[in-house]
Amino acid sequence: MCRQEAAPKALEQELLRRPAVPVRNPVLVEGDSPTYLTITREGTDGPFRLGAAAYGPQAEELARDLVAHIDAWGSDRLAAPRMTVTPAGHASTAGHVIAKPESRITLTY
């Protein structure tokens with residue numbers, strides 16, 4: 001994961017889909033496929049909606065994954081995330097696992 005900064009000129013000219021956070025927006029990158037969090041407004045007075053913009057060979061898969069996370073968070077916004085750190089050789093539990101040389105970090109919500 002990294003961060004993206006959208007230049008005001010690019011936003012004015014609508015050269016890209018509006019990032020949710022124009023400065024330091026989260027971006028997921030898999031190989032040469034970036035995916036970032038977007039925000040759109042439904043109609044002129046409607047609510048804002050989070051989404052994903054994705055590019056590259058894995059764009060469809062990455063956008064689908066990001067939207068699944070948005071939907072999971074949206075259905076239970078009071079859910080508390082949980083982080084479990086175990087030794088590297090320990091079996092992983094269900095959740096998103098970040099494998100480090102000395103440990104495994106498992107994130108669930």
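Colleague: Y36, buried or exposed?
Modeller: Y36 counts as buried, because its relative accessibility is 5% (buried is under 20% relative accessible area, exposed over 50%, partly exposed in between, with a 1.4 Å probe and protein chains only). This is a predicted model, where local features need pLDDT of at least 70 and side-chain atom pairs 80 or more, while totals for chains, interfaces and linings use all residues. Numbering runs from 1 along each chain as its sequence is written, and side-chain values use heavy atoms, without hydrogens and water.

Colleague: How many aromatic pairs are there?
Modeller: One. The rings of Y36 and Y55 have centres 6.3 Å apart and planes at 25°, so they are stacked (centres within 6.5 Å; planes under 30 degrees apart are stacked, over 60 edge-to-face, the rest tilted).

Colleague: Where do Y36 and Y55 sit in the chain?
Modeller: Y36 is in strand β3, residues 33–41. Y55 is in the loop between β4 (48–54) and α2 (59–75), so the pair links distant parts of the chain, 19 residues apart. Helices here are DSSP runs of H or I with at least four residues, strands E runs with at least two.

Colleague: And how does Y55 count for accessibility?
Modeller: Y55 is at 40% relative accessibility, so it counts as partly exposed.

Colleague: Changing topic, which residues form the nonpolar patch that includes L107?
Modeller: M83, V85, I98 and L107, on the surface, with about 350 Å² of accessible area together (members have over 30% relative accessible area and no salt bridge, nonpolar side chains joined within 5 Å and like charges within 9 Å; areas are Shrake-Rupley, 1.4 Å probe; a salt bridge is a Lys or Arg side-chain nitrogen within 4 Å of an Asp or Glu carboxyl oxygen).

Colleague: Where is L107?
Modeller: L107 lies in strand β7, residues 103–108, and counts as partly exposed because its relative accessibility is 33%.

Conventions: Phe/Tyr/Trp six-rings, centres within 6.5 Å; stacked < 30°, edge-to-face > 60°.
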